[in-house]
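Reader: I should like to learn how to read the features of a protein model that contains ligands. May we work through this one step by step?

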Amino acid sequence: MILVTGGAGFIGGNFVLDWLAESNEAVINLDKLTYAGNADTLKSLAGDARHAFVHGDIGDRELVARLLEEHRPRAVVNFAAESHVDRSIHGPGDFIQTNVVGTFNLLESVRAYWSALPEAERAAFRFLHVSTDEVYGTLSADDHPFRETNAYEPNSPYSASKAASDHLVRAWHHTYGLPVLTTNCSNNYGPYHFPEKLIPLVILNALAGKPLPIYGDGQQIRDWLYVKDHCSAIRRVLQAGRLGETYNVGGWNEKANLDVVQHICSILDELRPREDGQSYFSQITYVTDRPGHDRRYAIDATKLADELGWKPTETFESGIRKTVQWYLDSQEWVQNVTSGAYRDWVNQQYGN
Ligand code: NAD
Ligand code: TYD
């Protein structure tokens with residue numbers, strides 16, 4: 001079996017669902033259920049003996065040691081993190097606590113477990129750390145997309161905390177021999193995405209007749225990857241990645257934010273036209289830019305393609321259409337996540 005952390009979040013939740021759809025290998029799912037964790041995402045696994053959910057913190061060494069001893073996983077896949085740049089600007093403390101201190105504690109728990117494994121299990125064990133392209137900083141319009149060899153130049157409290165966690169993972173390999181793998185992925189989108197992030201926020205605000213907030217001039221570029229393609233990349237790296245290596249994961253799908261928002265508006269105009277006959281475009285609103293806003297992210301995923309033969313299956317056009325349709329079909333999940341705490345955040349961030 002494998003131990004997944006943060007498996008009630010957006011990517012971790014999709015990973016667990018896909019993992020159990022693709023194989024019969026059991027999953028222990030450790031998640032703190034912060035505002036971003038949603039047990040509802042895992043509802044379809046109720047009664048499935050291959051999935052055990054444990055409510056807890058990656059930084060709780062006693063709990064993690066007990067889970068490792070009891071279940072003896074052959075791998076740990078670490079998704080658990082604070083993940084939202086805007087929140088990291090308002091309150092960086094939680095990011096340092098979970099992404100840096102939490103990862104450190106998790107590494108120590110895993111190292112103690114791994115060191116005591118019999119030879120063959122020790123050799124087969126993997127710790128896969130899920131990270132982001134934001135650790136590389138920002139690109140100019142004509143820069144080559146991020147390669148694994150780019151220098152780390154994080155610019156936000158979020159990306160700095162993820163960079164720190166990547167460095168710890170690297171050091172635990174170099175110093176202690178822990179068999180680690182790291183993936184640095186570009187922006188994900190798809191089902192079960194918490195609506196504080198651009199794509200789900202825009203879909204839900206559009207349907208609610210609310211403004212679609214564009215930071216600054218909307219010409220910032222992100223390289224969008226459908227979440228299930230990210231999950232397949234992680235499965236592939238876990239299966240065949242070279243120890244101690246990092247792999248960049250991306251979809252070769254660079255888009256300016258304004259284009260993404262307009263694209264979503266066009267799909268909604270077709271699938272769920274407004275009652276007044278106007279286009280959703282009319283809800284687009286320019287708001288104050290994010291401080292320190294990175295201009296462009298883009299991933300060169302050549303290493304992953306050449307070494308491990310991975311390729312994304314969705315284009316942006318196919319993935320975004322599926323995503324919009326999923327939000328239209330998943331009102332119950334949406335109702336449950338847009339609760340009091342979510343409304344407080346929206347008021348704090350967009351209230352003015
Ligand atoms: P998310 O915020 O949706 O989910 C994070 C999950 O981790 C939540 O379920 C939360 O409850 C859990 N968690 C938080 N702190 C915890 C702790 N101390 N102990 C146990 N569980 C804890 O995040 P996501 O978008 O699913 O991202 C998952 C990982 O992928 C993160 O490490 C993130 O940095 C990375 N990543 C995200 C993206 C993206 O576009 N969302 C892109 C590349 C990499
Ligand atoms: P986000 O989904 O928060 O991901 P990240 O900051 O990790 O890339 O934001 C994606 C892009 O969309 C980013 O350039 C910021 C921008 N954005 C807006 O323009 N308006 C919004 O309301 C949000 C949440 C993001």
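Author: Let us begin with a helix, bearing in mind that the model is predicted. On one side of helix H13, the residues Arg343, Asp344 and Asn347 are exposed.

Reader: Which residues of helix H13 are buried?

Author: A residue is called buried when its relative accessible area is under 20% and exposed when that area is over 50%. In H13, which spans residues 340-350, the buried residues are Tyr342, Trp345 and Gln349. They lie on the same side of H13, because they cover an arc of only 60° around the axis.

Reader: How should helix H2 be read, and which of its residues are buried?

Author: The same reading applies. Helix H2 covers residues 61-71, and its buried residues are Leu63, Val64, Leu67 and Leu68. Seen down the axis of H2, these residues fall within an arc of 130°, so they line one face of the helix. The face turned away from that buried side carries Glu62 and Glu70, which are exposed.

Reader: Let us turn to the ligands. Which residues come nearest to ligand 1?

Author: One lists the surrounding residues and then looks for polar contacts. Around ligand 1 there are 28 residues, of which Ile11, Asp31, Ser83, Tyr158 and Lys162 come nearest. The side chain of Lys162 has an N or O atom 2.6 Å from an oxygen atom of ligand 1. The backbone takes part as well: an N or O atom of the Gly9 backbone lies 3.0 Å from an oxygen atom of this ligand, and a polar backbone atom of Phe79 is 3.2 Å from an oxygen atom of ligand 1. On its own, ligand 1 has 840 Å² of accessible area, and the protein covers 97% of that area.

Reader: Which elements supply the shell around ligand 1, and how is the shell composed by class?

Author: At least two residues each come from helix H1 (10-22), strand S5 (126-132) and helix H6 (157-176). Strand S5 gives the most, with three residues. By class, the shell around ligand 1 holds 12 nonpolar, 12 polar and four charged residues.

Reader: How many residues surround ligand 2, and which are the closest?

Author: The shell of ligand 2 has 18 residues, and the closest are Glu134, Arg222, Arg290, His293 and Tyr350. Three side chains place an N or O atom beside an oxygen atom of ligand 2: the distance is 2.5 Å for Arg290, 2.7 Å for His293 and 2.6 Å for Tyr350. The accessible area of ligand 2 on its own is 520 Å², and the protein covers 97% of it.

Reader: What is the composition of the shell around ligand 2 by class, and which element supplies its largest share?

Author: The classes are eight nonpolar, five polar and five charged residues. Helix H7 (198-207) and strand S8 (212-215) each supply at least two residues of the shell. The largest share, three residues, comes from S8.

Reader: Where do the residues of S8 point, and are they buried or exposed?

Author: In reading a strand, one follows the two directions of its side chains. From S8, Leu212 and Ile214 point one way, whereas Pro213 and Tyr215 point the other way, and all are buried. S8 also pairs with strand S13, residues 284-287, in the parallel sense over four bridges. Within this pairing, Pro213 has Thr285 of S13 as its bridge partner.

Reader: What can be said of Ile284 in strand S13?

Author: Ile284 counts as buried, at 18% relative accessibility. Its C-alpha atom is separated by 8.9 Å from that of Leu258, although the two residues are 26 residues apart along the chain.

Reader: Finally, how should backbone torsions be read, and what is the phi of Tyr192?

Author: Most residues other than glycine have a negative phi. Tyr192 has a positive phi near 65° and is a residue other than glycine. This residue is found in the loop between strand S7 (188-189) and H7, and Tyr192 is buried, with a relative accessible area of 19%. Trp252, also not a glycine, has a positive phi of about 50°. Trp252 lies in the loop between strand S11 (246-249) and strand S12 (254-256).

How values were computed: Residues numbered from 1 in each chain as written. Chains lettered and ligands numbered in written order. Predicted model: local features only at pLDDT ≥ 70, side-chain atom pairs only at ≥ 80, totals over all residues. Heavy atoms only, no water. Near = heavy atom within 4 Å. Polar contact = N/O pair within 3.5 Å; in protein donor to acceptor, adjacent residues only side chain to side chain. Areas by Shrake-Rupley, 256 points an atom, 1.4 Å probe, with all protein chains shown as cover. Nonpolar A, V, L, I, M, F, W, Y, C, P; charged D, E, K, R; others polar. Buried < 20%, exposed > 50% of the residue type's maximum accessible area, 1.4 Å probe, protein only. Pairing = 2+ DSSP bridges. Arc of directions from axis to C-beta.
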